[in-house]
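Student: I would like to learn how to read helix packing and a protein–DNA surface in a model. Could you take me through one case at a time?

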Number of protein chains: 2
Amino acid sequence: MVTIKQISEKLRLSPATVSRALNGYPEVSAKTRILVEETARNLNYRPNQLAKKLATGRSGMIGLVLPPSNDKGFDPTFFDVMTGLSRRLTELDLDLVFHAPVFGDDIEPFRRLVGKQAVDGFIVTNPRLSDARIDFLLEEDIPFVVHGRNASEQPGFAYFDIDNFRVGYDATKLLLDLGHRKICFLNGPDDVHFSFERKRGFEKALADHGSDAASGAVRHGRMSESYGYREALAALSLPPAQRPTAFVSSSTIIAAGILRAVRDKGLRVPDDVSIVSHDDAPPQLDAMGFDPALTVTYSPLRDACGPLADILQGLLNGENLDKLQITEEAELIVRQSTGPSPSVDQSKGQTA
Amino acid sequence: MVTIKQISEKLRLSPATVSRALNGYPEVSAKTRILVEETARNLNYRPNQLAKKLATGRSGMIGLVLPPSNDKGFDPTFFDVMTGLSRRLTELDLDLVFHAPVFGDDIEPFRRLVGKQAVDGFIVTNPRLSDARIDFLLEEDIPFVVHGRNASEQPGFAYFDIDNFRVGYDATKLLLDLGHRKICFLNGPDDVHFSFERKRGFEKALADHGSDAASGAVRHGRMSESYGYREALAALSLPPAQRPTAFVSSSTIIAAGILRAVRDKGLRVPDDVSIVSHDDAPPQLDAMGFDPALTVTYSPLRDACGPLADILQGLLNGENLDKLQITEEAELIVRQSTGPSPSVDQSKGQTA
DNA sequence: TTGAAAGCGCTAACAT
DNA sequence: ATGTTAGCGCTTTCAA
């Protein structure tokens, strides 16, 4: 184990100068810097992170806790985010400390990590509208960034989110413009912010459409293939007058279920039924690979990892909060799963 | 932030005594200890891990790196193990540092973590028969425990494994005893130790059975439903004389594929085809919930987490290696997916 | 049984 | 541009 002291002795310099040279401080002479860097390399010097941390008061560790209520089968999505975060944090020379809460106590891992002063900050995923973890961290004044948001209008914390209102709005508007008048929205759980926002967008698009008799139904549920299948089957089994001609889906996995239900009913996409889904590009499911290729609002989860890491680092470096609250747009990609409403002549122009 | 020094001042003791009292050293008087512990509690004292680590030279962190070549969709199994490990390590007051390698360089995260002296040891999962990570850690003389084994007969490292020879042997023997003579083994990948061992067990059971014309075929592949389906379908499409009457499967997910193939062929389990699978109880798939309930060799992955953590701690505490190389038996559980070979009279006793 | 003092390896005022 | 000094909070000889 070669230390700064050893380098300094060898070079007949003070440890302080060596430290400065190694850490890129401006006041060391070019000559000294070169010399120090060279010997450090030759001696295969590795800074002792622990000592560094003790001296600076920062641990270089970021806490990531498995979100609660993942009792039955976990969210593969979380894993996707975790690996992405790890990669980006590594570039920032930060390490990810992972904890899984024992069932029943979701904030214990936070309390623990905070108590041990083991981490400089947290990344919070899968926030709920009302989230005890966020409340705790706010209370304790620990730096953290949230992937998504909670219910508050003006969150007092850093976050990265997509514009879920627009996700709901754009998808719905597209369908309305295609002439669909009965639209069924298979949304996510009812206690998360993104579901809430998408529903708002859905309803706003419907309202904006005007007095025209467009109507929509919103369902909430745990995002899964079977949820999509079950709800879509039920909707498609309604009498013709109430049967939807289009679905909005909050995830590709739900869309897979919808697609299966449509087929089981002997219907075709997009001729009889249109589908537009949100696509966060989970690693195991490719919306483009669907048959037909899915029209989506596109915003890969892994694209959030870089920003999340960067935001947290900004936070740790004392940057201003309002630069650290970011909302990004999802991109509407029209593919083959959407078409004109069957009851409407394709050539007829729509008034938006 | 209350420190040892503050406690010592308040109590008019030396920091050393406070430290000793807090860490359960035998030489402090009962009176002092009580006093110190009480004030520590009142002041809500939290030892600074960093300082502790600097002084002791141990980081209290364990490295866990996502195993390589999980490019397309990751192994949910790994996630299961990771959460289990986190829970147990927490009890041992160790924290898990997670890293995901960037594609192409599997040992870079190890090199990095070792270089930074960020962790005291590693847990290595999904070992290959020849594994660069193991070679690296051995070379660098870093403590680590492997979940499974590599190809070496006498590994020079700590590991926790199940008796995969017996897994293959027991499953096969059960089928032979039921009168099956054509058995198809859908094994895991061919470059991992467990596949190798199970294959050995499979072949040994066949050999032990004697001159009697029992024959087996072994397939290797990435464990997935589609692999099971594809291979089983192919096997069941053989001419009757070569068609297997029983399958051995290396995972429940493969077994699901086999089951689907059997059904697609219009056959029944166990009347026409028997299935015995290894069951490591992945969170998303319950072998008991199969229809019919699966006969399995049972050894939940999560049961390995405790031992793995304990072994690593033993290693860090300098325990002897031979106490830290553990092989456990899997349990054969006979349920409804196995029955007598269709060509054999059910009442006829078999000579094992 | 307790205290004093040194040190883990590094950083950061404050001098020079 | 470089050196001196003092810590960060804790553990651990050594001495009393």
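Student: Are H10(B) and H11(B) oblique or parallel to each other, and why?

Tutor: Please keep in mind that this is a predicted model. To read a helix pair, one takes the angle between the N-to-C directions of the two axes, and angles that are neither roughly parallel, roughly antiparallel nor roughly perpendicular count as oblique. Here helix H10 (residues 225-236) of chain B packs against helix H11 (residues 252-264) of chain B at an angle of about 40°, their axes being 7 Å apart, and H10(B) and H11(B) are therefore oblique to each other.

Student: In which hand does H10(B) pass H11(B), and what classes of residue make up their contact?

Tutor: The crossing of H10(B) past H11(B) is right-handed. On the H10(B) side the contact includes Tyr227(B), Tyr229(B), Leu233(B) and Leu236(B), while among the residues that H11(B) brings are Ile254(B), Ile258(B), Arg260(B) and Val262(B). Sorted by class, this contact holds eleven nonpolar, two polar and three charged residues.

Student: At what angle do helices H8 and H9 of chain B pack, and which residues make the contact?

Tutor: Helix H8 (residues 164-177) of chain B and helix H9 (residues 193-208) of chain B pack at about 35°, with their axes 6 Å apart, and H8(B) passes H9(B) in a right-handed crossing. Among the contacting residues are Phe165(B), Tyr169(B), Lys173(B) and Leu176(B) of H8(B), together with Phe194(B), Arg198(B), Phe202(B) and Asp208(B) of H9(B). The classes in this contact are eight nonpolar, four polar and six charged residues.

Student: Turning to the DNA, how many residues surround strand D, and which part of the strand do they meet?

Tutor: DNA strand D is surrounded by 26 residues, of which the closest are Arg20(A), Ile4(B), Ser19(B), Tyr25(B) and Tyr45(B). Sugar or phosphate accounts for 67% of the strand D atoms within 4 Å of the protein, and bases make up the rest. By class, the residues of this surface are twelve nonpolar, nine polar and five charged.

Student: Which backbone atoms lie beside phosphate oxygens of strand D, and which elements contribute to the surface?

Tutor: A polar backbone atom of Ser14(A) is 2.8 Å from a phosphate oxygen of DNA strand D, and one of Ser29(A) is 3.0 Å from a phosphate oxygen of the strand. The elements giving two or more residues to the surface near DNA strand D are H2 (15-22) and H4 (49-56) of chain A, and H2 (15-22) and H4 (49-56) of chain B. The largest share, four residues, comes from H4(B).

Methods: Residues are numbered from 1 along each chain as its sequence is written. Chains are lettered from A and ligands numbered from 1 in the order in which they are written. This is a predicted model: local features need pLDDT of at least 70, side-chain atom pairs count only at pLDDT 80 or more; totals for chains, interfaces and linings use all residues. Side-chain values use heavy atoms; hydrogens and water are left out. A residue is near a molecule or strand if one of its heavy atoms lies within 4 Å of it. A polar contact is a pair of N or O atoms within 3.5 Å; within protein, one must be able to donate a hydrogen and the other to accept it, and residues adjacent in sequence count only if both atoms are side-chain atoms. Ala, Val, Leu, Ile, Met, Phe, Trp, Tyr, Cys and Pro count as nonpolar, Asp, Glu, Lys and Arg as charged, and the others, Gly among them, as polar. Axes are lines fitted to C-alpha atoms, for helices over the stretch in contact, and angles run from 0 to 180 degrees between N-to-C directions. Angles under 35 degrees count as roughly parallel, over 145 as roughly antiparallel, 65 to 115 as roughly perpendicular and the rest as oblique. A crossing is left-handed if the near helix is turned anticlockwise from the far one by less than a right angle, and right-handed if clockwise. Contact means heavy atoms within 4.5 Å.
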